[in-house]
Amino acid sequence: QVQLLESGGGLVQAGGSLRLSCEASGRTFSNADMGWFRQVPGKEREFAAAISRSGGRTFYTNSVKGRFTISRDNAKNTVFLQMNSLQPEDTAVYYCAARSLPSAIGYLYTTSDEYQYWGQGTQVTVSS
């Protein structure tokens, strides 16, 4: 079992930055691929970024590529999402997710049903 707790959301002006953190409990964190998803009311949860168990591979959706950076500290059981050049369309609830099932070699999953554990979410609001 993995329990996830996000923090770091808030209100920021367009062009600003935020750093989200997700702290995991349990001993399986280093064996889990981690992802960040986001959701706005009335829309499906969408993939933002993912990182492999070792941290050696990352993947981003096109809309955040070059602006967001996902990283992890396995010693601290924490994954981060550094968000720069934020825009109003980035406004959403951001969720941290963990996948501890075996994964295809070199592949990072981008659909929510591939992740087993979820945090409660943290609100990010970007004003124009």
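Visitor: Which residue's backbone oxygen lies 2.8 Å from a polar atom of the side chain of Thr78?
Guide: Keep in mind that this is a predicted model. Thr78 sits in strand 8, residues 78-83, and at 9% relative accessibility it counts as buried. Its side chain has a polar atom 2.8 Å from a backbone oxygen, and that oxygen belongs to Lys76.

Visitor: Thr78 also touches a residue of strand 7 (residues 68-73) that is buried yet has no salt bridge. Which side chain of opposite charge is nearest to Arg72, and how far away is it?
Guide: Arg72 is part of strand 7, and its contacts include Thr78, Val79 and Asp33. A salt bridge needs the nitrogen and oxygen within 4 Å. For Arg72 the nearest side chain of opposite charge is that of Asp33, at 5.3 Å.

Visitor: Which backbone oxygens does the side chain of Arg72 reach at 2.8 Å?
Guide: Take them one by one. A polar atom of the Arg72 side chain lies 2.8 Å from the backbone oxygen of Phe29. The side chain also gets to another backbone oxygen at 2.8 Å, that of Ala32.

Visitor: Back to Asp33: with which residue does it form a salt bridge?
Guide: Asp33 is buried, at 3% relative accessibility, while its partner counts as partly exposed at 22%. The closest N and O atoms are 3.1 Å apart, and the partner is Arg53.

Visitor: And why does that pair tie together separate parts of the chain?
Guide: Look at where the two ends are. Asp33 lies in strand 4 (residues 33-39), whereas Arg53 is in the loop between strand 5 (46-51) and strand 6 (58-60), so the pair ties together parts whose separation in sequence is 20 residues.

Visitor: Which residues are joined into one network by salt bridges that share partners?
Guide: Start with Asp90, which is buried at a relative accessible area of 1%. Its side chain meets that of Arg38 in a salt bridge at 2.9 Å, N to O, and Asp90 forms another with Arg67, where the closest N and O atoms are 2.7 Å apart. Arg67 is in the loop between strand 6 and strand 7, Asp90 in the loop between strand 8 and strand 9, 23 residues apart. With shared partners counted, the network is Arg38, Glu46, Arg67 and Asp90.

Visitor: Which cysteines form the disulfide here?
Guide: The count comes to 1 disulfide, with its sulfur atoms 2.1 Å apart. It links distant parts of the chain, strand 3 (residues 18-25) and strand 9 (residues 92-99), through residues that are 74 apart. Both partners are buried, and they are Cys22 and Cys96.

Visitor: Is that disulfide left-handed or right-handed?
Guide: The torsion about the S-S bond is what settles it here. For Cys22 and Cys96 that torsion is about -80°, so the disulfide is left-handed.

Visitor: What kind of aromatic pair do Tyr95 and Trp118 form?
Guide: There are 7 aromatic pairs in the structure. In this one, Tyr95 lies in strand 9 and Trp118 in strand 10 (residues 117-118), so parts 23 residues apart in sequence are tied together. Tyr95 is buried at 14% relative accessibility, while Trp118 is partly exposed at 27%. The centres are 6.5 Å apart and the planes meet at 75°, which makes the pair edge-to-face.

Visitor: Which residues form one aromatic cluster that includes Tyr95 and Trp118?
Guide: Those two pair with each other edge-to-face. The whole cluster is Phe37, Phe47, Phe59, Tyr95, Tyr115 and Trp118.

How values were computed: Residues are numbered from 1 along each chain as its sequence is written. This is a predicted model: local features need pLDDT of at least 70, side-chain atom pairs count only at pLDDT 80 or more; totals for chains, interfaces and linings use all residues. Side-chain values use heavy atoms; hydrogens and water are left out. Helices (H or I, at least four residues) and strands (E, at least two) are DSSP runs, numbered from the N terminus. Buried means under 20% relative accessible area, exposed over 50%, partly exposed in between (1.4 Å probe, protein chains only). A polar contact is a pair of N or O atoms within 3.5 Å; within protein, one must be able to donate a hydrogen and the other to accept it, and residues adjacent in sequence count only if both atoms are side-chain atoms. Contact means heavy atoms within 4.5 Å. Lys and Arg count as positive and Asp and Glu as negative; His and the chain ends are not counted. A disulfide is a pair of cysteine sulfur atoms within 2.5 Å. Rings of Phe, Tyr and Trp (its six-membered ring) pair if their centres lie within 6.5 Å; planes under 30 degrees apart count as stacked, over 60 as edge-to-face and the rest as tilted. Lists of a residue's contacts leave out its neighbours within four places in sequence.
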